[in-house]
Amino acid sequence: MASFSSNAVHAAPPRRPSHLPRMASDAALQLVKRHPLQRLPSPSRGTSALLHSIVLCSFAYSFDFLVRYPNPFNDSYGWHMQFLTIIGLSLATATFAVGLLADLTLSHRLFVLKNTLSVASAPMECLISLLYWGLRAIDQKLVLPDWAPRISLGADLSFHAIPALALIVDLLFFSPPYTIAFLPALALSGAIAAGYWFWVEICASANGFYPYPIFDILDTPQRAGLFAFAALIMGISTVMLRWVYVQVNGREEGVPGLARPKERSGNVKGE
């Protein structure tokens, strides 16, 4: 009887289901990968994938518009890639295409790549929208040649408003915060502005005209000033996007156990 009682007392406890540790580790891994300030899940096959899909449809409409309604730029050197608008649209398309691939595959590496592209594409689209609508408000002849056919409001918004708005929404709700500092952001903006100026001059020498009438109005020093101003606005846009992110999602100091990362170029994961 004593032996039976001893065995009963020392009987092994019931085992936990073997799948629980794995589920716990998977959940912990997701928490590690997702920045605490990121408001909504991404990469995700839910809302994030839906946003990226809808916006890519809008971008496809914009590119299709260029083909269905041709103008002299279709046959000129550089095609419509002479326009900063179309260069920005192409970069935004790449950003959202990588984002959608990340959603479908749940790839963290593709998600990081999308965030890296966003550091350039979102401020650039903000710059494009500000310059286009600002100059058009002053005089639409500064951005639209006299011979250019006028486009509908819907098409105009698809080129000059929706890309910026979509990238801002993606940043605020489906991405970690930018950590790039102002000076590196300004250097990136300056490199993009200088590269675009170089490209525009190549196209103008081949075609005999500039894509934007304002370039014909300005002399070379004035054009240099315009591109420098554009680079500054793009750099400031990066800072403003960071500020808006804080207003919407809070600061990293407010998250228990999360140390604020040092601002540096290329650190876009919020790590």
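## Salt bridges, buried faces and enclosed spaces in a ten-helix chain

Asp 64 counts as partly exposed, with a relative accessibility of 35%. That makes a handy way into this structure, which is a predicted model. Asp 64 shares a salt bridge with Arg 68, their side chains meeting at 2.3 Å from N to O. The two residues both belong to helix H3 (residues 47-68), and because they are four residues apart there, about one helical turn separates them. Arg 68 is likewise partly exposed, at 39% relative accessibility.

### The overall fold

Stepping back, the chain has 10 helices and zero strands. Following the sequence from start to finish gives α-α-α-α-α-α-α-α-α-α. Of its 271 residues, 42% count as buried. Among contacts with a separation of 6 or more, 78% are between residues 24 or more positions apart.

An unreviewed UniProt entry carries the annotation "transmembrane region" for residues 49-67, 79-104, 116-135, 155-173, 180-199 and 224-245. Two of these spans can be set beside the model. Residues 49-67 are 100% helix and 0% strand, with end C-alpha atoms 27 Å apart. Residues 224-245 are also 100% helix and 0% strand, and here the end C-alpha atoms lie 32 Å apart.

### Salt bridges between helices

Side chains of opposite charge can pair when their charged atoms come close. The structure holds four salt bridges; besides the pair within H3, two others deserve a visit.

Arg 136 forms a salt bridge with Asp 156, and the closest N and O atoms are 2.5 Å apart. This pair links distant parts of the chain, with Arg 136 in helix H5 (residues 108-138) and Asp 156 in helix H6 (residues 153-160), 20 residues apart.

Glu 201 and Arg 223 form another salt bridge through their side chains, at 3.4 Å from N to O. Distant parts of the chain are linked here too: Glu 201 sits in helix H8 (residues 182-207) and Arg 223 in helix H10 (residues 220-249), 22 residues apart.

Which partners in these two links are buried and which are partly exposed? The table sets them out.

| Residue | Relative accessible area | State |
|---|---|---|
| Arg 136 | 27% | partly exposed |
| Asp 156 | 3% | buried |
| Glu 201 | 26% | partly exposed |
| Arg 223 | 9% | buried |

In the H5–H6 link, then, the acidic partner Asp 156 is buried, while Arg 136 is partly exposed. In the H8–H10 link, Arg 223 is buried and Glu 201 is partly exposed.

### Helix H6 and its neighbours

Asp 156 has buried company in H6: Ala 155, Ser 158, Phe 159 and His 160 are buried as well. What do the buried residues of H6 pack against? Their partners are H3, helix H4 (84-105), H5 and helix H7 (162-174). H5 is thus a packing partner of H6 as well as the home of Arg 136, the salt-bridge partner of Asp 156.

### The largest pocket

H6 turns up again around the largest pocket, where it supplies the largest share of the lining, three residues. The volume of this pocket is about 450 Å³. In all, 23 residues line the largest pocket, and those nearest its centre are Leu 66, Asn 71, Phe 83, Leu 144 and Ile 151. H3, H4, H5 and H6 are the elements that give two or more residues to this lining. By type, the lining residues are 16 nonpolar, four polar and three charged.

### The cavity

Finally, the structure holds one cavity of 30 Å³ or more. How much space lies in the largest cavity? About 300 Å³. Its lining is made by 21 residues, with Leu 84, Leu 131, Tyr 196, Tyr 212 and Phe 215 nearest the centre.

Helices H4, H5, H8, H9 (213-217) and H10 each supply at least two residues of the cavity lining. H5 gives the most, with six residues. The lining of the largest cavity divides into 19 nonpolar residues, two polar and no charged, whereas the lining of the largest pocket includes three charged residues.

H4 and H5 are therefore worth following by eye in the structure above: each gives two or more residues to the pocket lining, and each supplies at least two residues of the cavity lining.

Conventions
Residues are numbered from 1 along each chain as its sequence is written. This is a predicted model: local features need pLDDT of at least 70, side-chain atom pairs count only at pLDDT 80 or more; totals for chains, interfaces and linings use all residues. Side-chain values use heavy atoms; hydrogens and water are left out. Buried means under 20% relative accessible area, exposed over 50%, partly exposed in between (1.4 Å probe, protein chains only). UniProt positions are given in the numbering used here, feature names are shortened, and annotations may be inferred rather than shown by experiment. Contact means heavy atoms within 4.5 Å. On a 1 Å grid over the protein atoms alone, a cavity is a set of points where a 1.4 Å probe fits but cannot get out, and a pocket is an open set with protein on both sides within 12 Å along at least five of seven lines; lining residues have an atom within 4 Å of a point. Grid points are joined across faces, edges and corners, and a volume is the space filled by probe spheres set on the points. Ala, Val, Leu, Ile, Met, Phe, Trp, Tyr, Cys and Pro count as nonpolar, Asp, Glu, Lys and Arg as charged, and the others, Gly among them, as polar.
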